[in-house]
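Hi there,

Here is the structure I promised to pass on to you. Have a look at it first, and then read on for what turned up.

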Amino acid sequence: ARRQMSSQKADEKPEASPKTTGGIRARLAKLGPGDGRLSNLLILLRHMLLFHALDGHGTLKLADMKMSKLVPEDVARHLYGAYAQASENGASVKYVKTPALKAKLLSHILLAMLKAEGGTADMDAVSAELKTPVKTLAARFKELGCEVNTKRKKGAKGPANTATLAAFAAK
């Protein structure tokens, strides 16, 4: 999966893109030739966000992700293998995101966001992106070892709700 992602170009723009990946596409467009690691991370994050948004009601079809041409087939297969459970029904195979696999995917998305943002995430923006309440995100960020601030100090600038992982913080 990583080989496929590293071969994609940062300026690549899919034909149609869900609203949730707009910020990532904008960041990719601004990267230079020396930003390969960040580019790969952002492409991986974009693919995970697309997978997260795909059929939140239970069953998933591999064809849905392949047909959209937003995610290379080998990357889509990896995402299904890592974050969905296969169940055979006669001649067809359906995939289901179990609660445990959804939680795993969310944790990996949050870690990728933290890494891409230099260790601090704006939980309000993440909440809007993932359509997940800030309270749920705060709990998950704490599980990941983040320091969570849910109230802006008087006179402070920046987002009101943040999560910071010291291991990823810019030095």
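Two salt bridges are present in this predicted model, and each one links two side chains within a helix.

Let's start with E73 and R77, whose side chains come together at 3.1 Å, N to O. Why can these two meet? Both belong to helix α5 (residues 73-83), and because they are four residues apart there, about one helical turn separates E73 from R77. An α-helix has 3.6 residues a turn, so residues three or four places apart point the same way. As for their surroundings, E73 is partly exposed, with 40% relative accessibility, and R77 is partly exposed too, at 44%.

The other pair is R140 and E143, again with 3.1 Å from N to O. This time the partners are three residues apart, in helix α8 (residues 134-143), which also puts about one helical turn between them. Is each partner buried or exposed? R140 has 16% relative accessibility and counts as buried, because the cut-off for buried is under 20%. E143, at 61%, counts as exposed.

Now on to helix α6, which covers residues 99-116. From first C-alpha to last, its 18 residues reach 26 Å, close to the 26 Å expected at 1.5 Å a residue. Quite a few leucines appear among the buried residues of α6, including L101, L105, L106, L110 and L114. I109, M113, S107, A112 and A116 are buried as well. Just after this helix comes G118, with a positive phi of about 75°.

Enjoy exploring it!

Best wishes

Note on methods
Residues are numbered from 1 along each chain as its sequence is written. This is a predicted model: local features need pLDDT of at least 70, side-chain atom pairs count only at pLDDT 80 or more; totals for chains, interfaces and linings use all residues. Side-chain values use heavy atoms; hydrogens and water are left out. The expected span of a helix is 1.5 Å times one less than its number of residues. Buried means under 20% relative accessible area, exposed over 50%, partly exposed in between (1.4 Å probe, protein chains only). A salt bridge is a side-chain nitrogen of Lys or Arg within 4 Å of a carboxyl oxygen of Asp or Glu.
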